[in-house]
Amino acid sequence: MTQSSAADRVFEVGKRRGFFWQSYEIYGGLSGMYDLGPYGAAMKENIINEWKYYFIRRHQEIMAEIETPIIGPEIVYAASGHLESFTDPIVTCQNCGRKFRADQLIEEVTGDKVEGKSNDELSRIIREKNIRCPICGGELGEVKSFNLLFKTQIGPYEGSNGYVRPELAQGMFLNFKRVYGVMREKLPLGLAQVGRVGRNEISPRQGMLRLREFTIMEFEFFFDPQEPGHEKYLERVKDKTLRLISAEDRLSGRSEPRKMMLSEALETGIIKTPWLGYWMVVSQEFIRSLGVPEENIYFEEKLPEERAHYSRQTFDQLVKTERWGWVEVAGHAYRGDYDLSRHSLYSKQDLSIFRQFEKPFIMKKKVVKVNRSILGKLFREKAGEIEGALTSMNPEVLKDLVNERREIEVNGFKVPTEAVVIEEVEERESGRKVIPHVVEPSFGVERLLYVVMEYGLKEKEDRLILSIPPRLSPFKIAIFPLVNDERLEGMAKRIFEELKQSGIPALYDDSGSIGRRYARADEVGVPFAVTVDFRSIEDGTVTVRYRDSWEQERIGASEVAEFLWKKLAH
RNA sequence: GCGGCGGUCGUCUAGCCUGGACUAGGACGUCGGCCUUCCAAGCCGGUGAUCCCGGGUUCAAAUCCCGGCCGCCGCACCA
């Protein structure tokens, strides 16, 4: 792929107009970090709001937003598996100091698959096969793990290690039980969070698409695998179509997505659990609302070896970009009960929940009871041991013995049958313990910011128009006096003040000619522009000019705010 | 990390090969002013460059050499 103009235009306008640029610029820049300027910050917030609308506000009865720390103690990432699995094995040349991915190097030299082997095993293979530095031929050191987690120290004491979160998920898992209680103990329940994460990527590239620090919009959706409760929600979307490639398709060499209804994907088992499919449809609606047409979105199932350590099934959601082709903007993972189970194990807390049955389940059951006064008199200090042995025996077997004989031999003691009674009791099961399963859709905000810019930027008569959905625009409206006449300026400023007071992000501009102002506003994506002309002074109307069509209409100066609310509504 | 290509005002770029007249030129933007009754019109003035950084060669380096940083593309990994 050669240089293509769309990405260049995005970064050019992005930098020139103050959307985003590389961080630490004056010190030469730092790879994988981006700063957002005033327009970029506003747009990012609008994207987040759009996400909240689709996933949280429209699902408020089953969704709760939380916020948790960026830095976590070591035990959390031991439990989550990131300390162990979020790594690449790396080996250093003792001579020239260059570093290599150990597994890749071995695979290149020997042709053997070594994925998943331990560092010690990899070191041993390097020694046995006498693998040397491919650049200088020097001897290689021991294989070490390069962990993609950013490590730090919490407080002044050494050994108190902390890690920057590489995903938001752990915050949700750790707090699940508490929030479940706050939310009146109902399943399904989603815990959502928007926040920054860090991943110490070996080599970040591609502008804002691959960052060492970025923002994720994510939720963990907890449900009871036996009673997922998706029916009501699925009703709305079961006939909607998704474009997807299954792992099976990929293994058989297919690279084109199939279009299929959600109901079909679920019936055929291509999507393993209904909630995963439900959120994939909502995710498609969300990405479309950012200005990406459906044919430029698809879902690709990851192959087992491509999946993260916690995942039972993962679909990436991809959007077509001009320079980088299909780019993952979201991951949709079915995490099963992996995380809650692991945190249960490490924290020794019971993270299961109790689900009450509609009616208690009554079970008749035979139990063994003993006459303690008989046992005590006969066996004294051995009585306890004998009682234990008896009650742990199968009641049915014991019952037969009691009916047949006068004595029963237990642990070498002869127990008279009158000391043993088999009783039938009723046991009430009013519910069951469940470790909920989890489906996780996770979006990268900066990637979406880029995608919105790329899809929005259009060229028209030698001008750049940022034709993004109005709800995402940093400014909703611009106010201009047609020419710099005191009366026009006065009225335009009054309209501007009024809009400002109602909290509408508005732009006032009276420099240069009217055409120049329209052009400037178009380039930063202002969807509507109000112009005050001489007729405005006479009859109180103004023109509204549309960014995308350049058409105009006249409305009352007092109706501008109302006009906007209508245009910006969902 | 490896390989290929690149890095000059806010942005795009001229100059680099063939070292010196470069006090680094232009366009656009931006700012101030004039003009202007609807699409970057015109005029005047201002602003703005560590020539990516460090070292070397040379009387002399944006230009040649070495190292590093950063970017793009390819390999790998990922939201």
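In this predicted model, an open sheet of 9 strands is arranged in the order E3-E10-E11-E21-E16-E15-E14-E12-E13, and its pairing is mixed. The edges are formed by strand E3 (63-65) and strand E13 (258-261), each of which pairs on one side only. Direction ignored, neighbouring strands of this sheet are turned by 30° against each other on average. At the E13 edge, strand E12 (residues 241-245) and E13 run antiparallel and are joined by 4 bridges, with Leu242 standing opposite Met260 in E13.

A helix pair offers a second view of the packing. The axes of helix H13 (residues 372-379) and helix H14 (residues 383-391) come within 9 Å and cross at roughly 130°; because this angle falls in neither the parallel, the antiparallel nor the perpendicular range, H13 and H14 count as oblique to each other. The crossing of the two helices, H13 and H14, is right-handed. The residues that meet are listed by helix below, and by class the contact of H13 with H14 has 5 nonpolar, 1 polar and 2 charged residues.

| Helix | Residues in the contact |
|---|---|
| H13 | Arg372, Leu375, Gly376, Phe379 |
| H14 | Ala383, Ile386, Glu387, Leu390 |

Further along the chain, Ile537 lies in helix H19 (residues 534-539). Its relative accessible area is 37%, and Ile537 is therefore partly exposed. Apart from neighbours within four places in sequence, Ile537 is in contact with Arg487, Leu488 and Met491. The C-alpha atoms of Ile537 and Pro166, which are 371 residues apart along the chain, are separated by 58 Å.

Technical notes. Residues numbered from 1 in each chain as written. Chains lettered and ligands numbered in written order. Predicted model: local features only at pLDDT ≥ 70, side-chain atom pairs only at ≥ 80, totals over all residues. Heavy atoms only, no water. Axes fitted to C-alpha atoms, helices over the stretch in contact; angles between N-to-C directions. Parallel < 35°, antiparallel > 145°, perpendicular 65-115°, else oblique. Left-handed = near helix turned anticlockwise from the far one by under 90°. Contact = heavy atoms within 4.5 Å. Nonpolar A, V, L, I, M, F, W, Y, C, P; charged D, E, K, R; others polar. Buried < 20%, exposed > 50% of the residue type's maximum accessible area, 1.4 Å probe, protein only. Pairing = 2+ DSSP bridges.
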